[in-house]
Amino acid sequence: MALPHAQPGVPVDVLPYGTSLGSQVSTALFKSDTLEVIRLVLTAGKRLPGHQVPGELTIQCLEGRLAVIQGESRQTLSAGQLLFLPAQTMHEIEAELDSSALLTIVLHSH
């Protein structure tokens, strides 16, 4: 059964999963014409391969530790940290520990 997207004006829980993190999966929380919010879940050692998105992106680590790799640059995000990437920035995301994060992507409508 697909999870419903967040509805306008209705709170969505994005607290850390804690001990249940290993049984969780990534889910799209919300998508409109101009904005998408995703709860990313990666277990230690897993990665999202190199990619880019058309709009600006923020990655907010909710728990664990994530590496955001841009070419030779590697930035580590711990719980409570946020990273901004400009539109079209090629990047990879690798979990150094079991992790979850909130991804917010600006979608430019054409």
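Which residue in strand 2 is the bridge partner of Lys31? Look for Glu36: that is where the bridge from Lys31 lands in strand 2. Keep that pair in mind while we walk through the rest. One thing to know before we start is that this is a predicted model.

Let's take the whole protein before the details. You'll count nine strands and zero helices, so reading from the N terminus gives you β-β-β-β-β-β-β-β-β. Line up a box with the principal axes and the C-alpha atoms fill roughly 40 × 40 × 25 Å. A compact globule of 110 residues would have a radius of gyration near 13 Å, and the protein, at 14 Å, agrees with that. Buried residues make up 34% of the 110 residues. The accessible surface comes to about 6500 Å², and carbon and sulfur atoms own 58% of it.

Now back to where we began. Strand 1 and strand 2 run antiparallel and are joined by four bridges. Together they make a hairpin, with three residues between the two strands. That hairpin belongs to an open sheet of five strands, paired antiparallel in the order 1-2-9-4-7. Who stands at the edges of this sheet? Those places go to strand 1 (27–31) and strand 7 (82–85); each has a single partner strand, so one side of each is left without a neighbour in the sheet. Ignoring direction, neighbouring strands here are turned by 15 degrees against each other on average.

Further along that order you meet strand 9 (residues 99–106) and strand 4 (residues 57–63), an antiparallel pair with six bridges. To find one spot in that pairing, go to Leu57, whose bridge partner in strand 9 is Ile105.

Stop for a moment at Arg39, which sits in strand 2 (residues 35–42). Is Arg39 buried or exposed? It counts as buried, because its relative accessibility is 2% and the cut-off for buried is under 20%. What does the side chain of Arg39 have beside it in there? One of its polar atoms lies 2.9 Å from the backbone oxygen of Leu15.

Time for the other sheet. Four strands form this one, also open and antiparallel, in the order 3-8-5-6. Here strand 3 (47–51) and strand 6 (73–78) take the edges; with a single partner strand each, they have one side left without a neighbour in the sheet. On average, neighbouring strands of this sheet are turned by 20 degrees against each other, direction ignored. Inside the order, strand 5 (residues 65–70) pairs with strand 8 (residues 91–95) in the antiparallel sense, using four bridges. Ala67 is a handy landmark, as its bridge partner in strand 8 is Glu94.

Our last stop is Leu48, in strand 3. With a relative accessible area of 25%, Leu48 is partly exposed. Which residues does Leu48 touch, if you leave aside its neighbours within four places in sequence? Its contacts are Leu40, Leu42, Glu92 and Ile93. Take Glu92: it is 44 residues away from Leu48 in sequence, yet their C-alpha atoms are 5.6 Å apart in space.

That pair fits into a wider picture. Among contacts in the protein with a separation of 6 or more, 68% come from residues 24 or more positions apart.

Definitions and conventions. Residues numbered from 1 in each chain as written. Predicted model: local features only at pLDDT ≥ 70, side-chain atom pairs only at ≥ 80, totals over all residues. Heavy atoms only, no water. Pairing = 2+ DSSP bridges. Axes fitted to C-alpha atoms, helices over the stretch in contact; angles between N-to-C directions. Buried < 20%, exposed > 50% of the residue type's maximum accessible area, 1.4 Å probe, protein only. Polar contact = N/O pair within 3.5 Å; in protein donor to acceptor, adjacent residues only side chain to side chain. Contact = heavy atoms within 4.5 Å. Rg over C-alpha atoms; globule rule 2.2 N^0.38 Å. Areas by Shrake-Rupley, 256 points an atom, 1.4 Å probe, with all protein chains shown as cover.
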